[in-house]
Amino acid sequence: MVPAELKGYYDDWKMSPGLISGDHVFLTGFSGTGPNGTCSADPETQFRTAFAQVEMVLREAGLDFSAVVEMTTFHIGLRDHLELFRAVRAEFVREPYPAWTAIEVSGFASADTIIEIRVIASTG
């Protein structure tokens with residue numbers, strides 16, 4: 001599944017933004033860097049950018065955040081922005097709430113990125 005806004009990932013990186021396998025959609029990890037390659041220095045903007053990209057892929061599959069069964073988030077500075085991230089995340093996730101693991105990492109491909117979100121959703 002390749003939303004038009006994310007076609008660059010498919011073409012340039014040779015990866016699917018989302019791929020259906022059986023009864024699940026596996027999404028690529030989406031970061032605070034947008035499809036145009038820009039990354040805000042503002043953590044909240046990065047969080048919203050990452051969630052917006054996840055939402056695009058879910059919509060392409062005819063789903064929304066209520067279909068998400070598992071979410072793994074990778075953070076630089078997890079303790080520094082966990083409460084802000086939780087607040088933004090709460091605007092997107094829907095019941096039944098997905099399983100969630102938050103992991104501190106040392107870096108990403110883009111030097112300014114502080115977040116990446118990986119999601120698995122159910123099609124059933």
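# A tour from Glu-83 to the largest pocket

Begin by selecting Glu-83, which counts as exposed because its relative accessibility is 54%, and bear in mind throughout that what you have open is a predicted model.

**Around helix H3**

Keep Glu-83 on screen and add Arg-86, since these two residues form a salt bridge in which the closest N and O atoms are 3.0 Å apart. Both belong to helix H3, and because they are three residues apart there, about one helical turn separates them. Arg-86 has a relative accessibility of 43%, so it counts as partly exposed.

Next, select Glu-91 together with Arg-48, another salt-bridged pair, whose closest N and O atoms are 2.8 Å apart. Glu-91 lies in helix H3, which covers residues 78-92, whereas Arg-48 lies in helix H2, which covers residues 43-60, so this pair ties together parts of the chain that are 43 residues apart in sequence. Glu-91 is partly exposed, at 44% relative accessibility, and Arg-48 is also placed in the partly exposed class, at 29%.

**From the helices to the strands**

Now move to Glu-70 and Arg-118, which form a salt bridge with their closest N and O atoms 3.9 Å apart. This pair links distant parts of the chain, as Glu-70 is in strand E4 (residues 68-75) and Arg-118 is in strand E6 (residues 115-122), 48 residues apart. Arg-118 is partly exposed, with a relative accessible area of 31%. The pairs visited so far are among the salt bridges of the structure, which holds five of them.

**Along strand E6**

With Arg-118 still selected, extend the selection to the whole of strand E6, which is mostly covered, six of its eight residues being buried. Which strands should be shown beside E6? One of them is E4, which runs antiparallel to E6 and is joined to it by seven bridges; to see one position along this pairing, pick Met-71, which stands opposite Val-119 in E6.

Strand E2 (residues 24-27) also pairs with E6 in the antiparallel sense, over three bridges, and here you can select His-24 and look for its bridge partner in E6, which is Ser-122. Finally, show strand E3, which is antiparallel to E6 and joined to it by two bridges. In this pairing, Ser-31 has Glu-116 as its bridge partner in E6.

**Into the largest pocket**

Leave Ser-31 selected, because the last stop begins from strand E3: this strand (30-31) and helix H1 (7-13) each supply at least two residues of the lining of the largest pocket. How much space lies in the largest pocket? The pocket holds about 460 Å³. There are 21 residues that line it, and the closest to its centre are Tyr-9, Trp-13, Met-15, Ser-31 and Thr-33, so that selecting these five will bring you to the middle of the pocket.

Then colour helix H1, from which the largest share of the lining comes, namely four residues. If you colour the lining of the largest pocket by residue class instead, you will find eight nonpolar, ten polar and three charged residues.

Definitions and conventions:
Residues are numbered from 1 along each chain as its sequence is written. This is a predicted model: local features need pLDDT of at least 70, side-chain atom pairs count only at pLDDT 80 or more; totals for chains, interfaces and linings use all residues. Side-chain values use heavy atoms; hydrogens and water are left out. On a 1 Å grid over the protein atoms alone, a cavity is a set of points where a 1.4 Å probe fits but cannot get out, and a pocket is an open set with protein on both sides within 12 Å along at least five of seven lines; lining residues have an atom within 4 Å of a point. Grid points are joined across faces, edges and corners, and a volume is the space filled by probe spheres set on the points. Ala, Val, Leu, Ile, Met, Phe, Trp, Tyr, Cys and Pro count as nonpolar, Asp, Glu, Lys and Arg as charged, and the others, Gly among them, as polar. A salt bridge is a side-chain nitrogen of Lys or Arg within 4 Å of a carboxyl oxygen of Asp or Glu. Buried means under 20% relative accessible area, exposed over 50%, partly exposed in between (1.4 Å probe, protein chains only). Two strands pair if DSSP finds at least two bridges between them.
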